[in-house]
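Here's a quick briefing to read with the model open beside you. Take a look at the sequence and the fold, then work through the points by topic.

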Amino acid sequence: MTSQPIPDPLLTVDEVARLLGVSAAWVYQHSDGSRRPSLPAVKLGRVLRFRLESIEKFILELERTLP
């Protein structure tokens with residue numbers, strides 16, 4: 001049996017909202033792909049979760065787009 005690293009736990013909508021300093025509604029609106037910037041999300045049935053690594057990349061990409 002090979003040992004694989006345990007991935008970081010997935011973040012909830014509320015955790016991402018706190019991390020980004022926005023409302024939970026903003027997180028929902030920007031995670032369905034219809035608004036920009038679009039948050040990378042994992043959909044588990046009706047539940048949304050987020051990888052911390054993906055949110056960190058999202059922030060870096062936004063920083064690069066500043067004039």
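**A buried serine, and what surrounds it**

Ser31 is buried, with a relative accessible area of 12%; buried here means under 20% relative accessible area, exposed means over 50%, and partly exposed is in between (1.4 Å probe, protein chains only). This is a predicted model, so local features need pLDDT of at least 70 and side-chain atom pairs count only at pLDDT 80 or more, while totals for chains, interfaces and linings use all residues. Residues are numbered from 1 along each chain as its sequence is written, and side-chain values use heavy atoms, with hydrogens and water left out.

**Overall layout**

- The protein has three helices and two strands; these are DSSP runs numbered from the N terminus, with helices being H or I of at least four residues and strands E of at least two.
- Going along the sequence, you meet them in the pattern α-α-β-β-α.
- The C-alpha atoms fill a box of roughly 50 × 30 × 20 Å, taken along the principal axes.
- Of the 67 residues, 18% count as buried.
- About 5,400 Å² is exposed, and carbon and sulfur atoms supply 54% of that area (Shrake-Rupley method, 1.4 Å probe; for residues, only the protein chains shown count as cover).
- Take the contacts with a separation of 6 or more: residues 24 or more positions apart account for 34% of them, a contact being heavy atoms within 4.5 Å.

**Ser31 up close**

- You'll find Ser31 in the loop between α2 and β1 (42-44).
- Its side chain reaches the backbone oxygen of Val27 at 2.9 Å, and a polar atom of the Ser31 side chain also lies 3.1 Å from the backbone oxygen of Tyr28.
- Both pairs are listed as polar contacts, meaning N or O atoms within 3.5 Å; within protein, one must be able to donate a hydrogen and the other to accept it, and residues adjacent in sequence count only if both atoms are side-chain atoms.
- Not counting residues up to four places away in sequence, Ser31 touches Leu39, Ala41, Leu48 and Phe50.

**His30, in helix α2**

- His30 lies in helix α2 and counts as buried, at 6% relative accessibility.
- A polar atom of its side chain lies 2.8 Å from the backbone oxygen of Pro37.
- Setting aside neighbours within four places in sequence, His30 is in contact with Arg35, Arg36, Pro37, Ser38 and Leu39.

**Helix α1 and the glycine after it**

- Which residues of helix α1 (residues 13-20) are buried? They are Val13, Val16 and Ala17.
- Seen down the axis of α1, these buried residues fall within an arc of 100°, so they line one face of the helix; the arc is that of the directions from the helix axis to the C-beta atoms.
- As background, an α-helix has 3.6 residues a turn, so residues three or four places apart point the same way.
- The buried residues of α1 pack against α2 (24-30), β2 (47-49) and α3 (52-64).
- Right after α1 comes Gly21, with a positive phi near 75°.
- Gly21 sits in the loop between α1 and α2 and is exposed, with a relative accessible area of 66%.

**Leu44, in strand β1**

- Leu44 is in strand β1 and counts as partly exposed, at 48% relative accessibility.
- Leaving out neighbours within four places in sequence, Leu44 is in contact with Leu10 and Arg49.
- Leu44 and Gly33 are eleven residues apart in sequence and 16 Å apart in space, C-alpha to C-alpha.
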